[in-house]
Amino acid sequence: MKTLYKWTVEDYHNMIESGLLADKSVELLEGNIVEMSPEGIPHSYTCQSVSDYLRELFKGKASVRDAHPITLDNSEPEPDLAIVRLPKNIYAQHHPYPEDIYWLVEISNHTLAKDLEEKSLTYARNNIAEYWVIDLVNNQVVVSTNPQGNQYQNKQEFTTGTINTLAFPNVAIKVSQLLLFK
């Protein structure tokens with residue numbers, strides 16, 4: 001039986017700094033360096049449109065980061081969107097940590113199983129309060145909340161209406177601004 005080496009976040013940072021991972025589209029997930037899928041047009045368009053929309057809604061309240069790393073226990077994934085606390089300049093010294101994150105968004109077309117299973121486990125274990133998957137396959141937004149252990153206790157699916165986040169319950173986010181290919 002083979003034993004795979006598990007990389008630490010520090011190991012991963014050292015590889016990045018050394019240039020070993022230059023020009024490679026990878027992320028650290030559960031101690032494994034995994035290749036990231038290339039973005040198709042629906043994914044890219046949705047990501048840009050949703051980030052523009054959320055930036056407008058949360059101007060002065062939160063920062064919306066597009067496909068940039070976050071630092072977790074044994075992972076450094078690059079979620080499509082991370083809505084994080086201000087001020088933005090705190091991220092000049094480190095990527096956002098779990099306590100900096102209001103919620104994460106993955107836009108999923110070809111990576112639906114990975115986003116709903118693997119990433120959900122990682123985010124729940126790191127106590128990310130809220131995790132959304134914009135499911136382009138089934139035209140829905142899956143909102144996961146109440147992390148306990150390795151899983152989210154509450155999951156809701158939205159195809160219409162509005163979503164109110166835990167961090168900003170008075171801000172209504174229109175599902176129609178998230179599902180652009182209905």
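Biologist: Which residues touch the most other members of the largest nonpolar core?

Modeller: Of the 25 residues in that core, Leu54, Trp103, Trp132, Ile134 and Val141 touch the most other members. This is a predicted model, in which local features need pLDDT of at least 70 and side-chain atom pairs count only at pLDDT 80 or more, while totals for chains, interfaces and linings use all residues. Residues are numbered from 1 along each chain as its sequence is written, and side-chain values use heavy atoms, with hydrogens and water left out.

Biologist: What makes a set of residues a nonpolar core?

Modeller: The members must be buried Ala, Val, Leu, Ile, Met, Phe, Trp, Tyr or Cys residues, joined through side-chain atoms within 4.5 Å. Buried means under 20% relative accessible area, whereas exposed means over 50% and partly exposed lies in between (1.4 Å probe, protein chains only). In soluble globular proteins, nonpolar side chains tend to be buried together.

Biologist: Which elements give two or more residues to the largest core?

Modeller: They are H2, S4, S5, strand S6 (130-135) and strand S7 (140-148), and H2 gives the most, with four residues. Helices (H or I, at least four residues) and strands (E, at least two) are DSSP runs, numbered from the N terminus. Apart from this core lies another, of 15 residues, among them Leu72, Leu112, Ala124 and Tyr131.

Biologist: What does Val141 touch, not counting residues up to four places away in sequence?

Modeller: Its partners include Trp132, Ile134, Phe158, Ile163, Val175, Leu178 and Leu179, where contact means heavy atoms within 4.5 Å.

Biologist: Why is Thr145 called buried?

Modeller: Thr145, in strand S7, has a relative accessible area of 15%, and because the cut-off is under 20%, the word applies. Leaving aside its neighbours within four places in sequence, Thr145 is in contact with Ala129, Glu130, Tyr152, Gln153, Asn154 and Leu166.

Biologist: How do you know that Asp66 and Arg55 meet in a salt bridge?

Modeller: A salt bridge is a side-chain nitrogen of Lys or Arg within 4 Å of a carboxyl oxygen of Asp or Glu, and here the N to O distance is 3.1 Å, so the pair qualifies. The pair links distant parts of the chain, with Asp66 in strand S3 (residues 63-66) and Arg55 in helix H2 (residues 41-57), 11 residues apart. By this rule the count comes to four salt bridges.

Biologist: What makes Asp73 and Arg125 another such pair?

Modeller: Their closest N and O atoms are 2.8 Å apart, which is within 4 Å. Asp73 lies in the loop between S3 and strand S4 (81-84) and Arg125 in helix H3 (residues 112-125), so the pair ties together parts that are 52 residues apart in sequence. Asp73, at 44% relative accessibility, and Arg125, at 27%, both fall between the two limits and count as partly exposed.

Biologist: How are Arg85 and Asp100 placed, buried or exposed or in between?

Modeller: Arg85 counts as partly exposed at 33% relative accessibility, whereas Asp100, with a relative accessible area of 1%, is buried. These two also form a salt bridge, the closest N and O atoms being 2.6 Å apart.

Biologist: How do you know that Val9, Tyr12 and Met15 lie on the same side of H1?

Modeller: Val9, Tyr12 and Met15 are buried in helix H1 (residues 9-18), and they cover an arc of only 120 degrees around the axis, which puts them on the same side. The arc is that of the directions from the helix axis to the C-beta atoms. An α-helix has 3.6 residues a turn, so residues three or four places apart point the same way. On the other side of H1, Glu10, Glu17 and Ser18 are exposed, while the buried residues of H1 pack against strand S1 (26-29) and strand S2 (32-35).

Biologist: Why is Trp7 called partly exposed?

Modeller: Trp7, in the segment before H1, has 32% relative accessibility, and because partly exposed lies between under 20% and over 50%, the label follows. Leaving aside its neighbours within four places in sequence, Trp7 is in contact with Met15, Leu28, Gly31 and Ile33.
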